[in-house]
Amino acid sequence: MANSSTLYTLALLAANYILQVYGTNCPVVECWFVQEKPGHGFPAAMSQDKSLMYVRISPDSTRAESQKKPPVGIDPSRIYHVTDPSGSLCSPSLHSPEGSVKKPQCEINPFLPHPSLVNWAAPLTRSGLSPVYLEADWFSASLKGLDEQLVLSSVIRAAKTTNELNVILAVYSTSALVRSRLGVPVVLNCWFWKESSSPLSELGFAVEWRYQFRGEGRLVVAYDAKNDRLAETSEKGAELDISGLHQTGNASLLLEDAQVRHTGTYICTIYLPYLLAQVTIDLEIVEPPSLSISPSPLPISFPGQTITVQCEASGFSPLSLEFRWEFVGADGAVQPLVNGGMSGHRQAVDGTFSQSSWLTLDLGKLDLGRGGEVTCVAVHPGGTRRTSTTLSIIGVSGPTIEDSMAMVAVALGLYGLIKLCSWMFTRAGSIDSDSEEKKEK
């Protein structure tokens, strides 16, 4: 599909631009090193220590900061020099502005390589032989950039007893939160990179997307790249770019027709033999309401009369909605209106919501002049919507030009009616006289 390829291409170009432009300016990333405390029961107690990652693209490059004395309060054994040829750890969203309190989130954990049991990744380790390459210290690093512009997970390898680490697998997305309208295609971007010199990269890979929402989950799509096979799922309208997976590491998920049921958390997991890394992306379907107001226009009203106006908001998601009422007079002045009520939410088959608000106008207490526009305002995360109806009030003291013209029109109409009746009676009398004269002759 043209739309699918366009969305994939734009997402890929954006990610590559970020990594290429900023990839050579790698940050010093402050992290927490988190691991289980030895000798404790279940649940295991956890320890966390401050840590630093000095990141570089090539092992030959060095940074002046890495030559300085370690910062106070950080154990030298928790300072790591990480080589990341993918450049994913060099994203600008991992650069904290100087003096800023806001910092990227980073956590490092020990990682234990293990074979995967899911059907689409099990063929990667079917031989049952663990390569000597796995005999090393392994870590996983999970990072989230400033303003949720990046989520990243890396599997990192270090030769025994050294702090020189190399990224072997990186999975990342340029947005931790995606918002979409209803009924349009949406791409959840996810890319991966694997170290080509690693013997694990030659054995194939697998991709998995899972969905979770309020304790429930399901498999969306899974692909076994070693055997070029998609797993069977019940999900409809979800696609992967298979050629992009093999050529550029583009594991993005395309949902062809965004619906309310798609709201939730999506987990993109990449499997290598004995290794895996995953990132989570939240999708929120945000659809503003459609408004209707009734009656429209309002019937002509008089001072002292009470009238009711109703506003219906439908087809919106998420649930949050606020109603307001306003009156706009002939002079353009806006006056807030109160005495409004609101119904409960109703949910349609497609998952969208509807809700009603009504307003009672007591024209004996409200000074609304000779009328204007009664406006219903619905404030929603997807945008503010308005709809209006016209209110006309007659019989207000001190007629305006419009009132005078209306009264003149009524007077002229009455005068014309009287003249017509008079002519008809005169004409009828004349006909009767003519008839009597003919009879006498």
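A disulfide joins C190 to C268, with a distance of 2.1 Å from S to S. The structure is a predicted model, and a search of the whole of it finds four disulfides. A disulfide is a covalent bond between the sulfur atoms of two cysteines. The points below treat three of these links, a small sheet, the residue N227 and the confidence of the prediction.

**The link of C190 and C268**

- The disulfide of C190 and C268 connects distant parts of the chain, 78 residues apart: C190 lies in the loop between β9 and β10 (191-194), whereas C268 belongs to strand β16 (residues 264-272).
- The angle about the S-S bond is -75 degrees, and the link of C190 and C268 is left-handed.
- Both cysteines, C190 and C268, are buried.

**The link of C311 and C376**

- C311 and C376 are likewise joined by a disulfide, with 2.1 Å from S to S.
- This pair links distant parts of the chain, 65 residues apart; C311 is in strand β19 (residues 306-316) and C376 in strand β25 (residues 371-380).
- The link of C311 and C376 is left-handed, with -80 degrees about the S-S bond.
- C311 is buried, as is C376.

**The link of C26 and C90**

- The sulfur atoms of C26 and C90 are 1.9 Å apart and form a disulfide.
- C26 sits in the loop between α1 (2-22) and β1 (28-36), and C90 in the loop between β3 (79-83) and β4 (105-110), so the disulfide ties together parts that are 64 residues apart in sequence.
- With 80 degrees about the S-S bond, the link of C26 and C90 is right-handed.
- C26 and C90 are both buried.

**The pairing pattern**

- When the bonded cysteines of the protein are numbered in sequence order, the pairing reads 1-3, 2-4, 5-6, 7-8.

**A sheet of three strands**

- Strands of a sheet pair through backbone hydrogen bonds, either parallel or antiparallel.
- In this structure, an open sheet of three strands follows the order β9-β15-β14, and its pairing is antiparallel.
- The edges are occupied by β9 (186-188) and β14 (238-240); each has a single partner strand, so one side of each is left without a neighbour in the sheet.
- From one strand to the next, the twist averages 25 degrees.
- Three bridges connect β9 with strand β15 (residues 253-255) in the antiparallel sense.
- Across this pairing, L188 stands opposite L253 in β15.

**The residue N227**

- N227 is found in the loop between β12 (216-224) and β13 (229-230).
- The relative accessibility of N227 is 41%, and therefore N227 counts as partly exposed.
- The side chains of N227 and D224 are joined by a polar contact of 2.7 Å.
- N227 and W120 are 107 residues apart in sequence, while their C-alpha atoms are 8.9 Å apart in space.

**Confidence of the prediction**

- The average pLDDT of the protein is 85, and 84% of the residues score at least 70.
- Over residues 7-23, pLDDT stays under 50.
- For residues 7-23, the model has 28 contacts beyond four places in sequence.

Conventions
Residues numbered from 1 in each chain as written. Heavy atoms only, no water. Helix = DSSP H or I, 4+ residues; strand = E, 2+ residues; numbered from the N terminus. Buried < 20%, exposed > 50% of the residue type's maximum accessible area, 1.4 Å probe, protein only. Polar contact = N/O pair within 3.5 Å; in protein donor to acceptor, adjacent residues only side chain to side chain. pLDDT = per-residue confidence, 0-100. Contact = heavy atoms within 4.5 Å. Pairing = 2+ DSSP bridges. Axes fitted to C-alpha atoms, helices over the stretch in contact; angles between N-to-C directions. Disulfide = S-S within 2.5 Å.
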